[in-house]
Amino acid sequence: MASERIRDLLARERAGGEVIVEGWLRTARHAKGRSFLDLVDGSCGSGLQVVAEEDLAGYEQEIRPLRTGAAVRVRGELVDSPGRGQRYEVRAREVEVVGPAGPDYPLQKKRHSFEFLRTIAHLRPRTNTLGAVFRVRNAAAMAIHQWFQERGFLWLHTPIITTSDAEGAGEMFRVTTLDLGEPPRDPEGRVDERADFFGRPAHLTVSGQLEAEIGALSHGRVYAFGPTFRAENSNTARHLAEFWMVEPEMAFLELDGLMDLAESFLRDLMGRLLEECAEDLALFDQRIAPGLLARLEEVASKPFARVAYGEAVEILARSGRRFEHEVALGADLKTEHERHLCEEHFRGPVIVHDYPAAIKAFYMYLNDDGRTVRAMDVLVPGVGEIIGGSQREHRHDVLLDRMRACGLDPETYWWYLELRRFGSVPHAGFGLGFERFVQYLTGMANIRDVIPFPRVPGFAEF
RNA sequence: UCCGGAAUAGCUCAGUCGGUAGAGCAGGCGGCUGUUAACCGCCGGGUCGGGGGUUCGAGUCCCUCUUCCGGAGCCA
């Protein structure tokens with residue numbers, strides 16, 4: 001007889017029948033004559049109450065000493081629970097202790113701090129909150145794939161290791177097989193990088209965008225969805241050294257269409273996940289971020305505000321607010337400015353578009369004014385910038401000029417430039433920080449708690 | 001990296017004016033109970049993050065290092 005998942009058992013129409021469940025004890029309450037075991041198996045937030053009577057084989061020796069953390073397999077009957085607090089319970093016929101847990105089991109029945117849980121990343125997925133986070137994360141990943149697949153986007157597997165020496169998105173991790181103690185030297189005594197594994201310097205990717213553009217110009221609609229790496233010394237609640245990014249790239253698409261794409265993407269996903277993860281999101285609404293459900297529902301149902309960069313600066317200037325960083329036309333919007341726009345002025349998601357060229361990347365499409373580029377950022381309350389994207393510069397000569405102006409070596413990007421010589425078309429794409437998306441969904445304050453094994457400066461345990 | 005805060009029992013925290021430490025939970029023992037992060041009683045448990053200094057005396061004040069948290073910058 002096969003075991004069943006608690007999620008499925010709780011969803012049954014009625015009690016009855018023999019079942020086998022396997023999982024871990026969230027708590028064990030030993031009463032006179034019987035024990036109540038709260039069993040969880042990760043399939044859902046709810047546990048299943050197992051009632052073990054004292055006449056069971058091995059009751060005193062095996063069941064009575066059970067405590068939080070132990071793994072058990074239970075065979076018994078699914079019955080209507082006579083107690084309050086649960087609809088069904090399992091009347092045990094046999095409880096097999098698969099893996100006991102000693103009194104030094106670090107997880108307790110009560111709340112732990114997230115800081116402490118980070119030090120036990122091998123056990124924290126068993127907690128209610130982290131368990132829910134990882135279920136929501138999984139559902140979000142699958143919903144993202146589904147959303148793109150339904151619209152004819154091809155999942156393009158962009159490389160993790162790259163030899164583009166700069167993509168303008170931050171410091172990169174070096175990938176090398178050279179002996180750092182005694183690297184091979186050229187006649188001048190410099191490290192001979194031609195002797196390295198790829199015959200040239202290589203790094204972990206900071207973005208799949210440039211390769212995704214290749215895909216857009218062959219398959220029309222593609223997306224990259226995988227890990228990316230930044231070696232920035234960022235110590236904040238919304239930065240990781242290793243994080244996942246979703247990067248759709250679409251041909252024959254300009255800025256307006258890109259904003260539509262980003263907005264419908266976010267709103268559709270919110271709507272879908274509100275349904276799919278109702279139980280887990282309710283837990284976040286109750287315990288982590290009161291008002292979360294209302295906020296997500298609003299995002300799913302209301303159009304996003306859109307404002308050009310110039311207007312955004314005017315709004316900030318007129319706000320009467322004193323900002324730590326001055327609001328100035330031509331300067332990038334700071335975190336406090338972005339927060340003011342989406343949290344106070346518009347009170348919801350905002351798309352800011354057409355930024356000054358000087359503060360944006362070389363590959364963004366230059367407007368006719370020669371001063372702004374067709375870039376857009378989606379700002380959401382609580383998290384800030386969640387999406388950044390742009391229409392790409394598809395005109396060869398304009399791109400070449402921009403690269404030179406930005407101090408980049410066109411040789412390195414020969415293939416990127418060549419795409420602009422053979423069948424170049426307007427195209428556009430955006431990047432969504434997957435962990436920030438999960439943060440937004442769950443209301444979790446620290447990005448380290450929405451990825452199973454966070455990598456940040458000074459920490460790569462587990 | 002910069003600014004601010006924190007580090008006390010296994011965990012979550014309190015500790016007043018500088019006079020060598022407490023609670024709840026967890027653990028052990030006992031009791032009670034179709035229980036609900038059960039409840040009641042008793043017990044054990046601490047190099048107060050490391051190093052240095054001031055002082056008769058430092059968990060408490062000062063310096064320094066480490067780690068963590070919050071904010072900023074960089075960004076997603």
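**Exercise 1. Determine whether Thr 372 is buried or exposed, and describe its surroundings.**

*Step 1.* Thr 372 has a relative accessible area of 14%. Buried means under 20%, exposed over 50% and partly exposed in between, with a 1.4 Å probe and protein chains only. Thr 372 is therefore buried.

The model is predicted: local features need pLDDT of at least 70, side-chain atom pairs count only at pLDDT 80 or more, and totals for chains, interfaces and linings use all residues. Residues are numbered from 1 along each chain as its sequence is written, chains are lettered from A and ligands numbered from 1 in the order in which they are written, and side-chain values use heavy atoms, leaving out hydrogens and water.

*Step 2.* Thr 372 belongs to strand β14 (residues 372-380); strands are DSSP runs of E with at least two residues, numbered from the N terminus.

*Step 3.* Leaving aside residues up to four places away in sequence, Thr 372 touches residues including Asp 354, Tyr 355 and Leu 366 (contact: heavy atoms within 4.5 Å).

**Exercise 2. Identify which residues are closest to RNA strand B.**

*Step 1.* The closest are Lys 109, Arg 118, Thr 236, His 239 and Arg 436, among 51 residues that surround RNA strand B. A residue is near the strand if one of its heavy atoms lies within 4 Å of it.

*Step 2.* Sugar and phosphate make up 47% of the atoms of RNA strand B that come within 4 Å of the protein.

*Step 3.* Polar side-chain atoms of Thr 27 and Lys 334 lie 3.5 Å and 3.3 Å, respectively, from a phosphate oxygen of RNA strand B.

Note on methods:
Helices (H or I, at least four residues) and strands (E, at least two) are DSSP runs, numbered from the N terminus. A polar contact is a pair of N or O atoms within 3.5 Å; within protein, one must be able to donate a hydrogen and the other to accept it, and residues adjacent in sequence count only if both atoms are side-chain atoms.
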